[in-house]
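Q: Please take a close look at the backbone of this predicted model, with attention to the places where its geometry departs from the usual pattern. Where do such places lie, and how far should the coordinates be read in detail?

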Amino acid sequence: MRKKNNANKMLMFSICMLLLVAMLSGCNGNNNGNSTTAETSAPTDSPAAEALSFTAGTYTGEAQGKEGVIKVEVTLGEHEISDIKIVSQETSGIGGAALEQIKKQILDGQTLAIDAVSGASLTSTAMMEAVETAVKQGGGDVAALKAGGVKKAGEGKTEKLEADVVVVGAGASGVSAAVTAADKGAKVIIIEKTATIGGASNLSWAGKFYNSSTATENGVKVNVEKEISDWIVNNHWRVDAAAIRQYVTKSGETYDWLTKKGYITSFLNFAGEQLHVLPAYETREVTLRKMLAESVEKNGGQVITETTAKKLIKNEAGDVTGVSAEKLDGTTLEITAKSIVMATGGYAANAEMVKESFGFEGINGGLGQNVGEGLKMSWEAGAKVPDNFGGQMLHQTLVRATKNLKTKYKPFEASYPLMLSYLPNFMNVGSSGARFRDEAATLESVAAANTSAFNGAYHLVIVSKSQLNSLMAKGMSGVKAPSLPGMPPEFYAEFADQFTLENPWSNADQVFDAMVKNGDGYKGNTIEELAKNAGMDPEIFKETFDKYQEATKTGVDTEFGKAADYLIPMGTEGPYYAIIAEINNLGSVGGLLVNTKFQVLNDKRVPITGLYAVGLESEGVLFNDTYVGNGVGIGYSFTSGRLGGEDASSSALKKVQ
């Protein structure tokens, strides 16, 4: 009996001790989080959990993005990042979505160990810099908050899906392919690495749809046979004549197809060229998403964004049967399909790849997400690298000074150097100091871009004091500009009312001095001093300058034959300025060899079963070594997508039967 009582006493004592420990543990938990709740504190496995210690308050940070300043207000609790308010941002679309995505990742993970968003790396970096500045003001340990890397919730998980057609990339060509395939009855899954639908079409100006119904209604008709013949000759016969014929004869139908889908373009007779101006920028993505909803999703398919393709899946016979991709949360997505359409936009944002294949070192003016993984996956699956691989869409001149000048001057004034780079009235030299072209090439965007790129990473536009004085007195008419600079409309949209030949350039001397101070151009009181400061060979530049001066006096340019009307005297009095001008690459051209069914070919030029390509990646069949069209890029993207999606779905549905 005594033994039983002792046992009961021991049991009661043990229970009491356990309750006491539990109570103490609960108290310790409350003390450690006295200013936050379990719901708002950092995850216990977060690498930043021990770094969440701040002086509570709201702090401001800002940083320079790709096109403007990004400003944020960060609210900090004693042990948490409570909120991030984006006060101002540089852009919408991909950039705008990137800011919201980064904000969510920081708040959800209570960490600054964040990956850049695909396609918006500069915007992402600026956002992070702005937040870090604010966190530092609040006493946060930025290094600790960035430690440990990014942990993704879906790592190690695999999700499997099936479709008739899977499209990789949701730009103009990818969306067109997906919509057409779905309309033909295929179940379609389209994946896109960014959060934005539309790709480069969201940035483009106009497309070319030959002999569209609206073009013929406006009395503009192209002689198809002559257009095709001239195209082939101008590209030195190193093209696929059947592919050119298909585009020229079928692109007009694409205009009607887009119109029927609600993507309304406006016809423009551009000096005899049939261009179709794309819808208002803010409506484009909305319209493309609606097209996908009414076709792809309505037919049981899916539109999956923020998912990056990693590898093509093949069977034992070498047929492509699917694609492996990674979702934003780290989950592996395996999609099997009868037809796989590559529409990933090329590799123009991969500077190393562009330099290796084309020798170009200018600016990527296209999309930051286009780094070539679609091509590499296809090559690994057996696709042939085309013999003319390397071509680029060099299409505009840019001036390095513009971005920095806009932080101090109004858009019109900040664009002074840029405008001069588009006029034929100024001497252009390469890095050595030698002229390399008749500057009238600046009047045509493709000619301007390619003549410059052929001579190095940049060129210099030389401006003298007397010319600058003429600009300040009478505007561009003072230097006898033949017409307004042929810049894209978006370049002068902010100052369209001031964009005239007669408008005097006030403060031009101050603007050019600021350009030099910012390191975006050069100045010299003498020709020799300018050459030294700009890194040119003094003897070469002096000889070039003297020959050009003589040409302005005689009206005869013995070196390049520039018209006398463009030979404006430079005077003999300094200072002289040199503007750094660079070339804008809108996208790569080609990388996969396709037939007229948009099937990807292998080294034997035989189709790889199940693999298709549309858009820029397939565009190499149209050009020899570089893009020379006007509106062809976007016109071909929509057309190849429409036709390629139709072929991919037809093949897939036959296999199902």
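A: Arg605 counts as partly exposed because its relative accessibility is 47%, between the limits of 20% and 50%. This residue belongs to the loop that joins β21 (599-601) to β22 (607-613). Its phi is near 65 degrees, a positive value in a residue other than glycine.

A positive phi is also found at Ala271, where the angle is about 50 degrees although the residue is not a glycine. Ala271 is placed in the loop between β8 (266-270) and β9 (273-277). With a relative accessibility of 81%, Ala271 counts as exposed, since the cut-off for that class is over 50%.

The peptide bond is a further point of interest. From Gly574 to Pro575 the bond is cis, and its omega is near 5 degrees. Pro575 is located in the loop between α20 (538-554) and β20 (576-588). These features merit attention because most residues other than glycine have a negative phi, and most peptide bonds are trans.

As to confidence, the chain has a mean pLDDT of 89, and 89% of its residues reach 70 or more. Residues 1-48 form a stretch over which pLDDT stays under 50. For this stretch the model has 26 contacts beyond four places in sequence. Where pLDDT is low, the predicted coordinates should not be read in detail.

Methods: Residues are numbered from 1 along each chain as its sequence is written. This is a predicted model: local features need pLDDT of at least 70, side-chain atom pairs count only at pLDDT 80 or more; totals for chains, interfaces and linings use all residues. Side-chain values use heavy atoms; hydrogens and water are left out. pLDDT is the predictor's confidence in each residue, from 0 to 100. Contact means heavy atoms within 4.5 Å. Helices (H or I, at least four residues) and strands (E, at least two) are DSSP runs, numbered from the N terminus. Buried means under 20% relative accessible area, exposed over 50%, partly exposed in between (1.4 Å probe, protein chains only).
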